[in-house]
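The following exercises are to be worked from the sequence and the coordinates. Each task is followed by a solution in steps.

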Amino acid sequence: MPAGTSHLARALALAAVALAAVLAASVGLAHVIYVYQAGVNFAAQTPVVWLKGPDASDVQLSITNNSNPIVSLTIPATNATEIYVYQALELQVNSVFGTSTPYLYVDSCAFTGSVSFKNVTILVYPITGSPSSPAGTIVITPSSSGCSASGSAALTPGAAYYIDFEVFPALPVPHATAGTSIGTLDVYFSVGNGTTAAVPAP
């Protein structure tokens with residue numbers, strides 16, 4: 001084989017090796033996959049949590065804080081012109097609202113039984129405050145056709161509130177056997193801040 005031919009063959013061989021190395025590198029790069037993993041955690045948090053207040057035992061309070069919170073209490077009605085239930089409930093407002101101001105109000109209500117109340121006033125105030133300076137009041141007026149409600153309470157995310165009930169019976173209160181109910185008032189609370197849909201409470 002002439003000397004020039006061997007040099008040419010050697011050069012072609014080196015070129016082939018170099019080309020093979022480049023192709024191998026390209027194929028290797030083509031199979032490199034970059035995987036980015038992102039984890040998102042979701043923490044369950046209800047807008048408000050209903051708790052028993054200091055005087056909850058006076059009204060046989062029971063609370064269920066599930067998907068549909070239910071608060072049940074029994075207020076003994078007498079022939080007094082006013083019946084005041086002090087700190088029956090405690091309301092914990094969670095930070096789900098951010099910097100917005102949520103409001104507690106009555107979405108709807110219903111009354112069954114004898115019409116024995118002029119109205120029921122619900123006072124909502126911070127646990128560090130007093131009923132004389134409430135965050136708001138809600139007045140419920142029962143009637144033979146149901147009931148009506150007005151008013152709301154401005155809440156602060158992260159704060160806790162007491163809820164008092166002020167009952168004004170329509171005197172005289174009908175005689176009934178002790179322990180029997182002369183009427184049942186169902187109140188459906190909602191919490192909303194005007195920018196989001198109302199969130200059902202009890």
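Rings of Phe, Tyr and Trp, the last represented by its six-membered ring, form an aromatic pair if their centres lie within 6.5 Å. Planes under 30 degrees apart count as stacked, those over 60 as edge-to-face, and the rest as tilted. The model examined here is predicted.

**Exercise 1. Aromatic pairs**

Task: Determine how many aromatic pairs the whole structure contains, and classify the pair formed by Phe111 and Phe117.

Solution:
1. A search of the whole structure returns three aromatic pairs.
2. For Phe111 and Phe117, the centres are 6.0 Å apart and the planes make an angle of 85°.
3. Since the cut-off for edge-to-face is an angle over 60 degrees, the pair of Phe111 and Phe117 is edge-to-face.
4. Both Phe111 and Phe117 are buried.

**Exercise 2. Overall architecture**

Task: Describe the secondary structure of the protein chain and the sequence range of its contacts.

Solution:
1. The protein chain contains one helix and 12 strands.
2. In sequence order, the helix precedes the strands, as the pattern α-β-β-β-β-β-β-β-β-β-β-β-β shows.
3. Of the contacts between residues at least 6 apart in sequence, 72% link residues at least 24 apart.
4. The chain has 202 residues, of which 29% count as buried.
5. The exposed area is about 12,200 Å², and carbon and sulfur atoms account for 59% of it.

**Exercise 3. The nonpolar core**

Task: Identify which residues have the most contacts inside the largest nonpolar core and which element gives the largest share of it.

Solution:
1. The largest nonpolar core comprises 31 residues, and Leu104 and Ile163 have the most contacts inside it.
2. Two or more residues each are given to this core by β1, β4, β5 (103-113), β6 (117-126), β7 (136-143), β10 (160-169) and β11 (183-192).
3. Strand β4 supplies the largest share, six residues.
4. Leaving aside residues up to four places away in sequence, Leu104 touches several residues, including Trp50, Leu91, Val124, Ile138, Ile163 and Phe189.

**Exercise 4. Two positive phi angles**

Task: Compare the settings of Gln60 and Gln87, and state whether each is buried or exposed.

Solution:
1. Most residues other than glycine have a negative phi.
2. Gln60 nevertheless has a positive phi of about 50°, and Gln87 also has a positive phi of about 50°.
3. Gln60 lies in the loop between β1 (48-52) and β2 (62-64), whereas Gln87 is found in strand β4 (residues 83-93).
4. With a relative accessible area of 60%, Gln60 is exposed.
5. Gln87, at 11% relative accessibility, counts as buried, because the cut-off for burial is under 20%.

Methods: Residues numbered from 1 in each chain as written. Predicted model: local features only at pLDDT ≥ 70, side-chain atom pairs only at ≥ 80, totals over all residues. Heavy atoms only, no water. Buried < 20%, exposed > 50% of the residue type's maximum accessible area, 1.4 Å probe, protein only. Helix = DSSP H or I, 4+ residues; strand = E, 2+ residues; numbered from the N terminus. Contact = heavy atoms within 4.5 Å. Areas by Shrake-Rupley, 256 points an atom, 1.4 Å probe, with all protein chains shown as cover. Core = buried A, V, L, I, M, F, W, Y, C linked by side-chain atoms within 4.5 Å.
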